[in-house]
Structure formats: structure tokens, C-alpha cells
Amino acid sequence: MIVEIGHFALILAFGVAIFQMIVPMVGAARGWSGWIDSARPAALAQFGLIAISFVALTLAFVSSDFSVLLVYENSHTAKPMLYKISGVWGNHEGSMLLWVLILSLFGAAAATFDANLPPRLRARVLSVQAAIGVAFLGFILFTSNPFLRIEAPPFDGRDLNPLLQDPGLAFHPPFLYLGYVGLSMAFSFAVAALIEGRVDAAWARWVRPWTLAAWIFLTIGIALGSWWAYYELGWGGFWFWDPVENASFMPWLIAAALLHSAIVVEKREVLKSWTILLAIMAFGFSLIGTFIVRSGVITSVHSFASDPERGVFILAILGLFVGGALTLYTFRAPAMQAKGVFAPVSREGALVLNNILLAVAAFVVFIGTVWPLVAEMAWDKKLSVGAPFFEKAFTPFMLALAIVLPLGAILPWKRGKLKRALLPLRGALAFAAAVAALVFAVSTGHSALAVIGAGLGAWLLGGAAVDLWLRTGNSGLSRLARLPRADWGKAIAHGGLGVTFIGISLLMAWQVEDIRVAQVGQPFTVAGYEITLEKVEERPGPNYDATIATMRVSKNGRQVALLHPEKRVYPVQAMPTTEAAIQNGLFRDLYLVIGDPQQGGGWAVRSYVKPFASWIWLGCALMALGGLVSLSDRRYRVAAGARRGIVAQPAE
Amino acid sequence: MRALILALSLLIALPALAVQPDEVLSDPALEARAREISKVLRCPVCQGETIDESNAPISRDLRLYLRERLVAGDSDDAAVAAVVDRFGEYVLFQPPARGVNWLLYLAGPVMALLALLTGWRFIRSRRPAEERTETLSAEEKARLDQIMRD
């Protein structure tokens, strides 16, 4: 019964979305205020209905209702509760439902907050948002319905993929979707502005918090996914340039560009049409990402036939929305006149460079991701594009970005002087040079990557500190606390990028790996650490069988860690997983993996010492934190806007 | 990442580690070369994993074959070529820079140049007026003088 209610609510939501797509748009064009105002309740109703539907599906998972096909295929009674819930979005149908839930959540948020948004613009934004909703609700109802029943319910389910039964991955998809779908707000605002024919500073101020929120969520989502890969897949890789990862990385890069170009529109009223284009592209890349993940067309050359219906449907949605928006753009963009003037060496100039570097970097990722598909379709060549290509083709843009960033961040608006800007950065430059020299000395020669990467990371960190210091006007620490949150956010996020730079380059250059057969009780040495395999025992888990090793790690005779790497077998899916044991440290992670027992006695063991690994995610956390701090700046604070709106009302 | 999960879930009975201790060559220099090469070769049956990371039996075969070639005295390029001969260019994670692949390699730099050029033209069009005409022509100067006198 609950499942049917959920199904019915979803169909109703589809109907409401169709209403919300058409009525407010017509109202806005004709100036009928009743029709314009209908957008808000419709957006709330749409969200409410989809929420009911989502709760219904979650209840089916929680109560292990195996009469629902989706629950049977992705759940099991013995599974811990957390993973019964995360199982809701651990599959195609359920994750699409989460997708539209978040889409309508953003719509409802835009309907509720932003009280000072002009009603007509709001009606158009919500209408475009509803159009996206219609497309995806239709996609769910017609190709991927999560509420289908089985006539004869089986006794137990087929379980969730064991690799997905992990806290990191339980929360990775929701964050990623919050990011992907959050960019739909920027898209809706862009299309609404094109229809309205007006882009100004106020528009940029409304768009920016949504983009910032989406970017924060994407940052967290990507970082969670990468962290999960690091500890779960058993060799400590953190980024594979896999098409599915790239699918989330491209919108992130474009969203980062959009964030910065929206600042220029807000402050100086230039880059308007470019910002609109970025907003369209950011969501376009989100849709491309959805297409890549759902259709399987790129990850596996053979699976286009496996689900052509879904792939074609998403491709049609992609074509319709991006194509439609771009068509509108070609008609309306020329009308967007830039107002401000600026010299080449200025904050505006630096932000244009930032946008070029980020957008071209995203383009490189895109072309590398789709190249195998293009080559197969056009020339019938089967080839692969992977990490070695991306590392060479993508990295230069990031290096250039890091070189320019601290300078651009402190250049004044309108016109600046390079020499004047470089002067306060002397300290940062010296710091970067010192770090680079130190790294050079430690890494005994051959790794240019470590020296350049860590040097640039230090340059970014130092630059962020100088930026903050300059904002205080050299008047000391007391001013620091009273700086606008946006200044803090900017410095924290830029510093975070520096931390990630340092983490990636030092980890890749200095990592030590050891593969061997370890005998119980016989110590061996890896990079100065003495490691002993003390015992190996079998122990049953809640829904798996585990082989657990106990390994002692000591340095200079003192115990550093007692670690328990595991191997698990999930009987329902007959699948083994490795659970590496990691001791996280600020300057190095110890990473141990237990393998199979060997014929001549002993166990296969992999040991890694991974320097600065945690800095990668620490930097991501700082970037997300910087975004949050900036989002809380009073300019964007939702409540502040709402209060102004209420005060403004009697005057109308 | 989801592709990895899919790949792993497709291979049901798999050993727990990628490179096994018994594969490791006794000569550390040769082993290091083998590892470097196997990080750019794709496992033919997985989805987007290198043979260095992959648990699939065919990846183990490839790793062993690669080491055989290196022990037999092949250069890195020759060893890679031997693997490509058997499995096609598909196993190269970095497609060779020849033929149509030049488009792939040039796309980034060409796009960067175009973007920089467009960006520069835009920036110049936004230059403040006083910078665009730094000196007045003689005629303009005469006119200005006249205005100032009036």
C-alpha cells in the first residue's frame, strides 16, 4: 500500500511539474499575477509529493519489502540498517528518484527564500526548473520506475554490492547529486534571464549563492568518492581519471569558473553573456555526466545495447535543454551590453584568465573522456584514454592557474600594476621557494613533480595569507576577525587548493610500496618502519566472513600502530573485498593490506607509507569550508534578504 | 569510480591482491620498470583499470608476460609493443600520438590558444578610454585648446 502511495505521489508530482512548467511562464509573459504567483505553491507541492514518494521507497527498503523488484534486487534482510537506507540510492532507479527529489528541493528553496526576487523572474526560474523536473520525472516513470512489484515475492533479496556497503559511499552520491542538481538553479536563472533579456549585478547576486552551494556539494561529493577509493579499493589510489569520475569533475571545474565570473558580473557588470554561457555549460556537463553514468556508453564499449532506451532518453533531455538554451542564447546574448571598463592588468583581467584556464581544463577532460567513443564511431578504432594522458594534458592548466592565482587575488579592480602586486607577495614567494628547496633536498633528485607541486602549493598558501593580511590594511590582527566572511572564504578556499596541491604532489612522488610474503612473527622493514604480522584469524561479520590480520608497526623500537587489515567475503554476492588498515597521520599514512595465504606458508602482504596523503582531503575540506564561509557572508544571507523583502513590501 | 565497482562486481571469483608477491622480479630496477609500464597498460577485460591495479587473471598473465619480455632484454618500448601486438591499441591508456589521435593531443593546446586570443581581444575592448587614445592628434589638440579658451 505504502509503495502504491509513493508511486501515485510520483505521478501526481509529474502532473504538478507540467503545470509549474507552463502556467507561470505564460503568466510572466502576459503579466497575469495570479498565474505568476502559482509558481510558488506548485514548487512546494512538487517537492512535497516527491518527498512522499521518496519516503515510501525508503520504507520499502527499511522493511525489506521484497515484493518490490528494486528492493529485491538491491537489498537483503541481514544488511545493517545504514546500508538498507543507502541502498535506496545505491541503484539506478532509486538514485534517479533522489535526483528529482533534490531538483524539487532546490525549486522549493528558491520559492521559499529569496523573498526579494522579482516575482516575474522567480516565476520564470521556477518554470524552467519545473521543465527539468518534467523531463526527469518522465524519465523515471517511463523507463526506470522504482515502484514495480514482483508477483510472487521472493524470500530474501540479492543484497547491495558489498563495495557500496561503506559509510563513505553511503553519503557520496547524495552530495554529488546535490552538486549536479544544484547547478540546475544556475541554469534556470540563466535561461530566465535570457527570456527576460536582462542580466545585471542583482541577477549575479541571486545566482552566485546557488552556484556556490552546488560547488561546495560537488567538492564534498568528489572528495568523499576519492577518499572512499583510497581506503576501500586496496591500493590507495585516489583518482583514476575514470569516465565516471571525470563526469563529476567537469561540472566542478565549470562551476568554479562560473563562481568567479559571477563575481565580475556582480561587481563590475562585465562578462555577462560569458557567465550565462558558463551557467548553461555547467548544467550541460552535469547532464553529460548523468548520461555517461547511466547509459554505460563510455565506460564499456559494449554496453550501448544494454540499455539503449535510457541512454537515448537522457541524450534527448540533454539535447533539448542545452540545445534550447544555446539557441535562446544566440538570439539574446548580443543584447547583453558590458558596462565596466578595465585595464588588462586588473582583477577583471585575472578572473578572465582564471575562467579561460578552468574552462579549457574542463574541455581537455571532456575531449579525453569522449575520445574513445568518437574514435570508435568515426574511425572504428578501439582505444583507451586514461591517467597518463590526463596527467600530461590537464596538469599544465592547473600549474598555470596556481602560478597566477595569488597575484590575481590581490590585484585591484579596474587597473593594477604587476610590480605593486608582487611586492607584498615577496614573503609568499620566499616561502614557496624555501618549501621547494626543502622538498628538492629531501626527495634526493629525480622528482620534479614534488618540487614544483609542493612549491606551488606553498605559493598558494602564502598568497592566501598575504591576501588576508592586505585586507586588514596592515592594521593588525584585530581587524582580521572583523573582515567580511567573503574575504575569509576566499582565502580559506584558495589555501585549501594549495594544501591539496601539496598532498597530491608529495604523495605521488614519495610514496613507498612493498609487496611480499610475510611470515607470522617475522618482522620486515618498509621505509624505516618495522612491520610484524602477528596473527591472522577468521571472524564472522554481520553479513560477511572476515579474515583479520593483526600487524604491529614500530619505528626505532617504539610501537607506532597496531593495525588490523581485513579481507571480507560477502556470501550473498559471493564477492571478496579488501579492507585496508590505515593509520592516518598529518605527515604520513601507514596503509596495510592483507592478501591470500601462500602455499609455502605466510601471507601476501602489501604495505605502503603514503606521505601527506591526508592533505589531499584536508585541502578539499578547506575548499568546501571556504565556500561555506563565503556563503554565510551577510550579502548572501538568505534571512537578510528576506527581512529586506518584508520591509520593502508596504512601500509597494 | 562506479565503473570500478561494476568491473569488480563483474569478476566474481577474484584473488584479493593485484600484483602478487610471486610475480615480483628479483632485480629491483627491472621490477620498477615493469611497474611503471604496467601502470599505463589497460586490463583488456575490466572497465578502466590498469593491469597494475586489476585483479583479473588476464592482467596477471599480462604482468607476467611483460616481465618475461623485460627479463629477455626488451626495452620499455619494445615490451609495450609486444603487448600491443597481442591485444591492440586498446590496452594503451595513453593513445599513441599519430594519425587521428593528433586531434586529441592538439585539442587542448589549440583550444587554450583560441581562448587566450579571444580573451585578450575582449580585454582590449574593455580598456579604459584614456588608455586607448593616449595622445591627442595635433588637430584634436588645437580643438581642445580652442574649447579651453572659450
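This is a friendly conversation about how to read a predicted model with chains A and B.

Biologist: Before I trust any picture, how sure was the predictor, and what are the ipTM and pTM of the complex?

Modeller: Good place to begin, since this is a predicted model. The predictor gives the complex an ipTM of 0.78 and a pTM of 0.88. Chain B has an average pLDDT of 77, and 83% of its residues score at least 70.

Biologist: Which elements of chain B have the lowest and the highest mean pLDDT?

Modeller: Helix 1 of chain B, residues 2-10, has the lowest mean at 46, while helix 5 of chain B, residues 101-125, has the highest at 88. Look at residues 1-16 of chain B too: pLDDT stays under 50 there, and the model has 43 contacts beyond four places in sequence for this stretch.

Biologist: How many helices and strands does chain B have?

Modeller: Chain B has seven helices and zero strands. Along the sequence that reads α-α-α-α-α-α-α. Of the 150 residues in chain B, 32% are buried.

Biologist: Let's turn to the place where the chains touch. How many residues does each chain give to the contact?

Modeller: Chain A gives 55 residues and chain B gives 44. On the chain A side, helix 13 (347-379) gives the most, with 12 residues. Other elements giving two or more residues include helix 9, helix 14 and strand 7 of chain A. Sorted by class, this side of chain A has 38 nonpolar, 10 polar and seven charged residues.

Biologist: What about the inside? Which residues have the most contacts within the largest nonpolar core?

Modeller: That core has 223 residues, and those with the most contacts inside it are A:Ala186, A:Ile254, A:Ala255, A:Ala279 and A:Ala282. Helix 9 of chain A, residues 201-232, supplies the largest share of this core, 19 residues. A second, separate core has 22 residues, including A:Leu533, A:Ile582, A:Ile594 and A:Tyr608.

Biologist: Could we zoom in on A:Ala255? Which residues is A:Ala255 in contact with, leaving aside neighbours within four places in sequence?

Modeller: Its contacts are A:Leu183, A:Thr211, A:Ala214, A:Trp215, A:Leu218 and A:Ala282.

Biologist: Now for strands. In what order do the four strands of the open sheet stand?

Modeller: The order is 1-10-9-8 in chain A, and the pairing is antiparallel. Strand 1 (512-518) and strand 8 (581-583) of chain A stand at the edges with a single partner strand each, so one side of each has no neighbour in the sheet. On average, and ignoring direction, neighbouring strands here are turned by 15° against each other. Inside the sheet, strand 9 and strand 10 of chain A run antiparallel and are joined by eight bridges. One of the places to look is A:Pro597, whose bridge partner is A:Trp603 in strand 10.

Biologist: How should I read the side chains along a strand?

Modeller: In a regular strand, side chains alternate between the two faces of the sheet. Try strand 7 of chain A: A:Met575, A:Thr577 and A:Glu579 point one way, A:Pro576 and A:Thr578 the other way, and all are buried. Five of the five residues are buried, so strand 7 of chain A is largely enclosed by the rest of the structure.

Biologist: Which residue is the bridge partner of A:Glu566 in strand 7?

Modeller: A:Glu579 is that partner. Strand 6 (residues 566-570) and strand 7 of chain A pair in the antiparallel sense over five bridges. Together they form a hairpin with four residues between them, and A:Ala574 in the turn has a positive phi of about 50°.

Biologist: Why does a positive phi catch your eye?

Modeller: Because most residues other than glycine have a negative phi. A:Leu271 has a phi near 65°, and A:Asn556 has one of about 50°.

Biologist: Where do they sit, and is each one buried or exposed?

Modeller: A:Leu271 lies in the loop between helix 10 and helix 11 of chain A. A:Leu271 is buried, because 27 other C-beta atoms lie within 10 Å, and 20 or more is the cut-off for buried. A:Asn556 lies in the loop between strand 4 and strand 5 of chain A. With 8 C-beta neighbours inside 10 Å, A:Asn556 counts as exposed.

Definitions and conventions. Residues numbered from 1 in each chain as written. Chains lettered and ligands numbered in written order. Predicted model: local features only at pLDDT ≥ 70, side-chain atom pairs only at ≥ 80, totals over all residues. Core = buried A, V, L, I, M, F, W, Y, C linked by C-beta atoms within 7 Å. Buried ≥ 20, exposed ≤ 12 C-beta atoms within 10 Å, placed from the backbone. Contact = placed C-beta atoms within 7 Å. Pairing = 2+ DSSP bridges. Axes fitted to C-alpha atoms, helices over the stretch in contact; angles between N-to-C directions. Nonpolar A, V, L, I, M, F, W, Y, C, P; charged D, E, K, R; others polar. pLDDT = per-residue confidence, 0-100.
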